Amino acid sequence: MTSPEEQTPPVMEIPEDRHYMRFSRLNRLLHVLMIVSFISLALTGMSLKFSYTTWAAVMSRFFGGFESAGYVHRFAAAVMIGVFITHIVDLFRRKKQDGVSWRGFIFGKNSMMFNKKDLQDLIASVKWFIGKGERPPYSRWTYWEKFDYFAVFWGMMVIGSTGLTLWFPELFTNVFPGWMINVASIIHSDEALLAVGFIFTVHFFNTHLRPEKFPMDTVIFTGRMSVEELAEDKPAEFAELVESGNLEKNLVEAYPPIVIRAIRFFGWTAVALGLGMVGLIIYGMVFAYR
Ligand code: HEM
């Protein structure tokens, strides 16, 4: 049997304008809605949390005052919850389409669930970082992509449930004691800080500052990546696609440069707002705390 390297195929034979389709249209749309709703929630939420600072007053004025910033926050929250529910429904649809059991779907080879290879890749990555090994042959989802994915799941549970408690306090206090509202408020506020800190630093680093992706990885917006990039970035997935004969089936037309420029503009706007937010939070906590 030949090794995947020996079978490694004819990247050069594939025309440059044929790209590998990594993300479906629905997943791309959900990610854009997630970005817009998350940034709106962060801006409006933080202007409430840091209402004692001048920047929060200026920012909330932009949203029409503190009260209407609260309404914008609720609207964006409804969008984010909608994104989450749509993703769960899509998972059920895909499981049915694949005709596999839940066990097979959740623990399958290309699922988002952590597996033994992730641990091996993590150890190999550390060795690679310190110059003691090669870059690991990452597959469809790397361990840090899986971590980012589950961070959103965890975040949605914590921030969504506490946010709904703050939104509908009368409803929740029919079942829970009143002091739960105070607890929900503290958890919501602290989890918001954690989420903003993580997304606008670690997630931004992974998608913008990694040397392989600098200055921006546009794949979540275009859904496409060049076959050369796939072969370099995810060698194990590439070898598997070639071996199974599925690579060609997933090749599509690349987007024209004007579309990429528009996408980059959107991406840079998100980065600027996110990093700006981190700066304002640090300022609010370190220099203006009351
Ligand atoms: C997704 C579901 C969410 C719901 C239902 C929700 C709901 C709420 C509600 C009702 C409030 C009180 C607003 C007011 O007093 O007018 C609030 C406050 C806040 N939210 Fe959210 N929110 C959600 C997600 C988020 C996210 C993702 C973030 C951050 C990225 C966030 C950050 C904040 C912050 C910082 C506050 C102010 C807390 C404080 O005063 O200390 N929220 N949220």
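This briefing covers the confidence, fold, ligand shell and selected residues of one protein. The model is predicted. Its average pLDDT is 93, and 96% of the residues score at least 70. The weak part is residues 1-7, where the pLDDT is below 50. That stretch still has six contacts in the model beyond near neighbours in sequence. The protein holds 13 helices and three strands.

**Overall build**

- The chain has 290 residues, and 19% of them count as buried.
- The C-alpha trace spans about 65 × 40 × 40 Å along its principal axes.
- Long-range pairs carry much of the contact map: among contacts with a separation of 6 or more, 72% come from residues 24 or more positions apart.

**Ligand shell**

- The ligand has 24 residues around it.
- Gly45, Gly70, Ala77, Gly163 and Ala192 come nearest to the ligand.
- Four helices each give two or more residues to this shell: H2 (25-49), H4 (66-98), H7 (143-167) and H9 (179-209).
- H2 gives the most, with seven residues.
- By class, the shell has 15 nonpolar, seven polar and two charged residues.

**The sheet**

- The three strands make an open sheet in the order E2-E1-E3, with antiparallel pairing.
- E2 (224-226) and E3 (251-253) are the edge strands. Each has a single partner strand, so one side of each is left without a neighbour in the sheet.
- From one strand to the next, the twist averages 55 degrees.
- E1 covers residues 18-21 and pairs with E2 in the antiparallel sense over three bridges.
- In that pairing, tyrosine 20 stands opposite methionine 225 of E2.
- E1 and E3 also run antiparallel and are joined by three bridges.
- Here arginine 18 stands opposite glutamate 253 of E3.

**The loop between H9 and H10**

- H9, one of the helices that contribute to the ligand shell, is followed by a loop that leads to H10 (219-222) and holds proline 215.
- A cis peptide bond joins phenylalanine 214 and proline 215, with omega at about 0 degrees.
- Threonine 218 lies in this loop as well.
- Threonine 218 has 18 other C-beta atoms within 10 Å, so it is partly exposed. The cut-off for buried is 20 or more.
- Not counting residues up to four places away in sequence, threonine 218 touches Ile260, Ile263, Arg264 and Gly267.
- For one of these partners, isoleucine 263, the C-alpha separation from threonine 218 is 7.3 Å, although the two are 45 residues apart along the chain.

**Helix H11**

- Glutamate 228 sits in H11, which covers residues 227-233.
- Glutamate 228 is partly exposed because 15 other C-beta atoms lie within 10 Å.
- Its C-alpha atom is 21 Å from that of arginine 264, and the two residues are 36 apart along the chain.
- Arginine 264 is also one of the residues that threonine 218 touches.

**Helix H13**

- Phenylalanine 265 belongs to H13, residues 257-286.
- Phenylalanine 265 counts as exposed because it has 10 C-beta neighbours inside 10 Å. The limit for exposed is 12 or fewer.
- The C-alpha atoms of phenylalanine 265 and glycine 279 are separated by 21 Å, at 14 residues apart along the chain.

**The loop before E1**

- Glutamate 13 lies in the loop between H1 (4-7) and E1.
- Glutamate 13 has 7 C-beta neighbours inside 10 Å, so it counts as exposed.
- The C-alpha atoms of glutamate 13 and leucine 164 are separated by 54 Å. Along the chain, these two residues are 151 apart.
- Treat H1 with its confidence in view: the pLDDT over residues 1-7 is below 50.

Note on methods
Residues are numbered from 1 along each chain as its sequence is written. This is a predicted model: local features need pLDDT of at least 70, side-chain atom pairs count only at pLDDT 80 or more; totals for chains, interfaces and linings use all residues. pLDDT is the predictor's confidence in each residue, from 0 to 100. Two residues are in contact if their C-beta atoms, placed from the backbone, lie within 7 Å. A residue is near a molecule or strand if its C-beta atom, placed from the backbone, lies within 6 Å of it. Ala, Val, Leu, Ile, Met, Phe, Trp, Tyr, Cys and Pro count as nonpolar, Asp, Glu, Lys and Arg as charged, and the others, Gly among them, as polar. Two strands pair if DSSP finds at least two bridges between them. Axes are lines fitted to C-alpha atoms, for helices over the stretch in contact, and angles run from 0 to 180 degrees between N-to-C directions.
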